[in-house]
Amino acid sequence: MSRLVQSEPVARFEQVGLRYRSGPEILRDVTLTLPAGSFHFLLGPCGAGKTSLLRVLYLALRPSRGRFSLFGQDVAAAPRAELVPLRRRIGIVFQDFRLLPQLSVQDNIALPLRLGGRDEEAIRSDVAPMLLRTGLTGLAHAFPPELSGGQQQLAAIARALIVRPRLLIADEPTASVDEPLALRLIHLFQELNRLGTTVLIATHNERLASGFNHPRLRMEAGRIVQEGTVPVDSPPNVRPPVGSSTSVQEALP
Ligand SMILES: Nc1ncnc2c1ncn2[C@@H]1O[C@H](COP(=O)(O)OP(=O)(O)OP(=O)(O)O)[C@@H](O)[C@H]1O
Ligand SMILES: [Mg+2]
């Protein structure tokens, strides 16, 4: 994998607009830079366009207008084949999980490694600590339909982290979990961020986001209405709950 030039932003949106087919513009004049190593929350009401923005970011959709570059590459101009290696640097936690129901939890988590051609021994040595860290060891052989919503959420997060992504995109990753687990998940993302991963988390949970000292981007009706600076009087980063041993350093071999 080529190394990123430190000063190069991971993603840059310039006046980006997006339509689904011939419908109305869902993203409008989005101009946004995600510097390498940054950590942002993306807030906004239902239907504001958060998931649509993330779809552009993880290359599922190309903008209808404007410019979008990822890892320094102009996406609009790039042939599809050139986007494949860019896509491999991204870990995604989907709003609807997208676990494969016919695969066990451990095989769902291992899937991106298998698709990347890793050998089985290396896969086993990566997946076991990830199961442990996300508390899913006992469910390794269970299938997604047998899991609670929160457990599916954890499996989806483990699958996104297993590739040690340069960019982690999480769409409502705390929607199905209780408050203590939500905090632990954000801490997991923070530790990944400390190791250099750029993180963007879309969430409705204003209270959760305001408990952390990370910039907040706000969307309304397809526009970024507030470039997220952290208020001066904002609280310091919330510490892990007592007894929490969440550590991506340990979790990621
Ligand atoms: N595949 C699609 N085809 C057509 N319109 C879509 C599609 N996906 C989303 N939209 C529309 O785009 C707008 C923004 O939706 P989006 O899912 O991006 O919002 P969101 O901010 O993620 O909402 P939520 O907080 O409910 O997840 C909505 O009006 C929605 O109906
Ligand atoms: Mg959404």
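This passage walks through a predicted model of a protein chain with a ligand, from confidence to sheets, helices and the ligand shell.

The model is a prediction, so to speak of a local feature takes a pLDDT of at least 70, side-chain atom pairs count only at pLDDT 80 or more, and totals for chains, interfaces and linings use all residues. Residues are numbered from 1 along each chain as its sequence is written, with chains lettered from A and ligands numbered from 1 in the order in which they are written.

Confidence first. The pLDDT (the predictor's confidence in each residue, from 0 to 100) averages 88 over the protein chain, and 87% of the residues reach 70 or more. Helices (H or I, at least four residues) and strands (E, at least two) are DSSP runs, numbered from the N terminus. On that footing, strand E8 (residues 198-202) has the highest confidence, at 98, and helix H8 (residues 248-251) the lowest, at a mean of 32. The pLDDT stays below 50 over residues 231-253, and this stretch still has 39 contacts in the model beyond near neighbours in sequence; a contact here means two C-beta atoms, placed from the backbone, within 7 Å.

Now the sheets, where two strands pair if DSSP finds at least two bridges between them. One is an open sheet of six strands in the order E6-E7-E8-E3-E9-E10, and its pairing is mixed. Strand E6 (90-93) and E10 sit at the edges with a single partner strand each, so one side of each has no neighbour in the sheet. From one strand to the next, the twist averages 25°; the axes behind such angles are lines fitted to C-alpha atoms, for helices over the stretch in contact, and angles run from 0 to 180 degrees between N-to-C directions. Strand E7 (residues 167-171) runs parallel to E8, joined by five bridges, with Leu167 bridged to Thr198 in E8. Helix H5 packs on this sheet, touching E6 and E7, and its direction makes about 175° with that of E6.

E3 deserves a closer look. Four bridges pair E3 with E8 in the parallel sense, and His40 has Leu200 as its bridge partner in E8. E3 also runs parallel to strand E9 (residues 216-220), over three bridges, where Leu42 stands opposite Leu217. Burial is a matter of counting other C-beta atoms within 10 Å of a residue's own, all placed from the backbone: buried at 20 or more, exposed at 12 or fewer, partly exposed in between. By that count, five of the five residues of E3 (residues 39-43) are buried, so the strand is largely enclosed by the rest of the structure. In a regular strand the side chains alternate between the two faces of the sheet. Here both faces are covered, with Phe39, Phe41 and Leu43 buried on one side and His40 and Leu42 on the other.

The other sheet is open too, with four strands in the order E2-E1-E4-E5 and antiparallel pairing. Its edges are strand E2 (25-34) and strand E5 (73-74), each with a single partner strand, so one side of each lacks a neighbour in the sheet. Five bridges link strand E1 (residues 11-19) and strand E4 (residues 65-70), and Gly17 bridges to Arg65 in E4.

As for backbone oddities, most residues other than glycine have a negative phi. Asp29, found in strand E2, goes the other way with a phi near 50°, and Asp29 is partly exposed, with 15 other C-beta atoms within 10 Å. Ala221, in the loop between E9 and strand E10 (223-226), has a positive phi near 45° and is partly exposed, with 14 C-beta neighbours inside 10 Å.

Among the helices, H3 (residues 105-115) has Val105, Gln106, Asn108, Ile109 and Ala110 buried. The buried residues of H3 pack against helix H4 (120-133) and helix H5 (149-161), and Gly117, with a positive phi near 85°, follows H3. H1 is mostly covered, with seven of its eight residues buried, among them Lys50, Ser52 and Leu53. Leu59, just after H1, takes a positive phi of about 70°.

H1 (residues 50-57) also gives the largest share of the shell around ligand 1, three residues. The shell holds 13 residues, the closest being Tyr20, Cys46, Lys50, Thr51 and Ser52; a residue is near the ligand if its C-beta atom, placed from the backbone, lies within 6 Å. By class, the shell has four nonpolar, eight polar and one charged residues, where Ala, Val, Leu, Ile, Met, Phe, Trp, Tyr, Cys and Pro count as nonpolar, Asp, Glu, Lys and Arg as charged, and the others, Gly among them, as polar.
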